[in-house]
Amino acid sequence: MTSMLRRWRGQNQHEIEPLDHDKLIEDLRTAIGPLSGHASKFCTDACLRRYLEARNWNLEKARKMLVETLEWRANYKPEDIRWDEVAHEGETGKVSRANFVDRCGRPVLVMRPGKQNTKTGDGNVRHLVYLMENAILNLPEGQEQMTWLIDFTGYSINASNIQLKTSRDIVNVLQNHYPERLAIIVLYNPPKMFQAFFKVLSYFIDPKTYLKIKFVYPNDKVSIELMKSCFDTENLPSEFGGNPNLNLNYDHEEFSKLMFEYDIKSAKFWDSKIEPDHNGNGHCVIPQADKKDDK
């Protein structure tokens, strides 16, 4: 009996021999071919690992996904978006980077769809992409992911101005071009009217992302425990059941100052040339002629 068990264990171990992840990363780098410019800087080993993980370590599927992202980045140029371009989208604080992190030290993007202030789908997507790039560049060392905290206070389907197409575009950009960047998405106190909208939107959400979405309600015991497991309530604003002495107050002027500092940091990281804005406001702009071609 013992010998039979040993033979079974040996056969089973052989059959489920783990994949050589480091080798697959090397294979993916070979498969995408030589890179230059921003694309070369984007495709770190950590980046390739995220694309392989997103496609369950299937080399061809990961290659296809990564190539599509490189084409998107070459055309959309997310790293070259500057705050001056999207600042009007953020005037109400509908999306901002929080001044607190989750329990794992991950940065938190706070979204408040009830403060939607524009009707342009492209503008909403571009604003969110800018803040995603911002959060990624400011990730702590060794950290790959972030948390989204979506506050539905004041939300209504009619007043939000966000159409299904815009929501679908946002989902597609995040899933296709920022794989394995989201650790958890907290939908805080969504109204019943949102559930029908989400049911339609969920058809466009891949299964791995769907599992990261958590519905949280203020008076629900399970929800309260979930929030405690995700956040240190001493640093969490009172709006989310945290510290009663902390409030989620968005100051557009102060946030803009942080974003202008980020613009300089981003330009240096991507080796983009910057020059002072002659309006005297201390902003920086990228000369159009100096933008690199990532292809």
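**Two oblique helices and a partly exposed residue**

Student: Why are helix 5 and helix 9 called oblique to each other?

Tutor: Helix 5 (residues 59-76) and helix 9 (residues 164-177) pack at an angle of about 120°. Angles under 35 degrees count as roughly parallel, over 145 as roughly antiparallel, 65 to 115 as roughly perpendicular and the rest as oblique. The pair falls in that last group and is therefore oblique. This is a predicted model, where local features need pLDDT of at least 70, side-chain atom pairs count only at pLDDT 80 or more, and totals for chains, interfaces and linings use all residues. Numbering starts from 1 along each chain as its sequence is written, and side-chain values use heavy atoms, leaving out hydrogens and water.

Student: How far apart are the axes of helix 5 and helix 9?

Tutor: They are 9 Å apart; axes are lines fitted to C-alpha atoms, for helices over the stretch in contact, with angles from 0 to 180 degrees between N-to-C directions.

Student: Which residues of helix 5 and helix 9 meet?

Tutor: M65, E68, T69 and W72 in helix 5 touch V173, Q175, N176 and H177 in helix 9 (contact: heavy atoms within 4.5 Å).

Student: What makes F204 partly exposed?

Tutor: Its relative accessible area is 30%, and buried means under 20%, exposed over 50%, partly exposed in between (1.4 Å probe, protein chains only). F204 sits in the loop between helix 10 (192-201) and helix 11 (207-210).

Student: What share of the chain is buried?

Tutor: Buried residues are 45% of the 295. The chain has 13 helices and seven strands, which are DSSP runs numbered from the N terminus (helices: H or I, at least four residues; strands: E, at least two).
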